[in-house]
Amino acid sequence: MAAITDQQSPPPSRSRPDVDAAPTPGGPTRLTGHADLSNRPDFEQLLLALCRQASGDVHLDLAELDFIDVSGVITLLRVARTLPEDSHLVLRNPPPSMRRILEVLGPAVRDASLRVE
């Protein structure tokens with residue numbers, strides 16, 4: 001399972017993580033690796049853990065995310081809906097392919113508590 005560094009995380013799974021999260025002091029959590037159908041459950045658990053620990057908006061820096069498919073983007077939307085009413089999942093530096101997926105999903109993106117910077 002992907003790890004959340006310098007925070008308590010669930011025990012690692014036997015396989016190598018596909019997505020890692022590293023909080024940066026005073027900044028967004030940086031996601032690295034890839035998010036696709038093969039690791040969707042672990043990716044969702046990672047995001048839910050981040051959202052549970054947050055107060056306010058959850059900022060994710062996606063500049064080092066190598067790949068994200070439609071299932072990964074849908075997971076982000078689903079997790080964004082779990083945030084309190086006035087909180088958002090804020091995506092910074094999403095890859096161009098992810099921006100295209102978000103455009104195609106249009107109404108679902110607007111209905112989620114998700115912002116792209």
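**Exercise 1. Salt bridges**

Find how many salt bridges this predicted model holds, then place the one formed by Arg30.

*Solution.*
Step 1. Start with the total: the structure holds six salt bridges.
Step 2. Recall the principle. Side chains of opposite charge can pair when their charged atoms come close.
Step 3. Go to Arg30. The partner of Arg30 is Glu64, and the closest N and O atoms are 3.6 Å apart. The cut-off is 4 Å, so the pair counts as a salt bridge.
Step 4. Locate both ends. Arg30 lies in strand E2 and Glu64 in strand E3. They are 34 residues apart, so this pair links distant parts of the chain.
Step 5. Check the surroundings. Arg30 has 27% relative accessibility and counts as partly exposed. Glu64, at 42%, is partly exposed too.

**Exercise 2. A pair within one helix**

Arg40 forms a salt bridge with Glu44. Work out how far apart the two are along helix H1, and decide whether each one is buried, partly exposed or exposed.

*Solution.*
Step 1. Take the distance in space. The closest N and O atoms of Arg40 and Glu44 are 2.3 Å apart.
Step 2. Count along the chain. The two residues are four apart in H1, which means about one helical turn separates them.
Step 3. Classify Arg40. Its relative accessibility is 24%, so Arg40 counts as partly exposed.
Step 4. Classify Glu44. Buried means under 20%. Glu44 is at 17%, so Glu44 counts as buried.

**Exercise 3. A network**

Which residue meets Arg115 in a salt bridge, and which residues belong to the network around this pair?

*Solution.*
Step 1. Name the pair. The side chains of Arg115 and Asp57 meet, with 3.6 Å from N to O.
Step 2. Place the pair. Arg115 sits in strand E5, and Asp57 sits in the loop between H1 and E3. The chain separation is 58 residues, and distant parts of the chain are linked.
Step 3. Check exposure. Arg115 is partly exposed at 33% relative accessibility. Asp57 is partly exposed as well, at 28%.
Step 4. Extend the pair. Salt bridges with shared partners join Asp57, Arg92, Arg115 and Glu117 into one network.

**Exercise 4. From strand to strand**

Trace the strand pairing from E2 to E5, and give the handedness of the β-α-β units on the way.

*Solution.*
Step 1. Begin with E2 (residues 29-35). This strand pairs with E3 in the parallel sense over six bridges. Here Thr29 has Leu60 as its bridge partner in E3.
Step 2. Add the helix. E2, H1 and E3 form a right-handed β-α-β unit.
Step 3. Move on to E3 and E4. They pair in the parallel sense over four bridges. Asp61 stands opposite Arg92 in E4.
Step 4. Add the next helix. E3, H2 and E4 make a right-handed β-α-β unit.
Step 5. Finish with E4 and E5. These strands run parallel and are joined by three bridges. Leu91 has Val116 as its partner in E5.

**Exercise 5. Helix H2**

Decide how many residues of helix H2 are buried, and name what covers them.

*Solution.*
Step 1. Count. H2 spans residues 70-80, and eight of its 11 residues are buried. The helix is mostly covered.
Step 2. Name them. The buried residues are Ser71, Gly72, Val73, Thr75, Leu76, Leu77, Val79 and Ala80.
Step 3. Look for the cover. Helices H1, H3 and H4 contribute to it. Strands E3, E4 and E5 are also among the covering elements.

Terms used
Residues numbered from 1 in each chain as written. Predicted model: local features only at pLDDT ≥ 70, side-chain atom pairs only at ≥ 80, totals over all residues. Heavy atoms only, no water. Buried < 20%, exposed > 50% of the residue type's maximum accessible area, 1.4 Å probe, protein only. Contact = heavy atoms within 4.5 Å. Pairing = 2+ DSSP bridges. Right-handed = clockwise from strand over helix to strand, strands pointing away.
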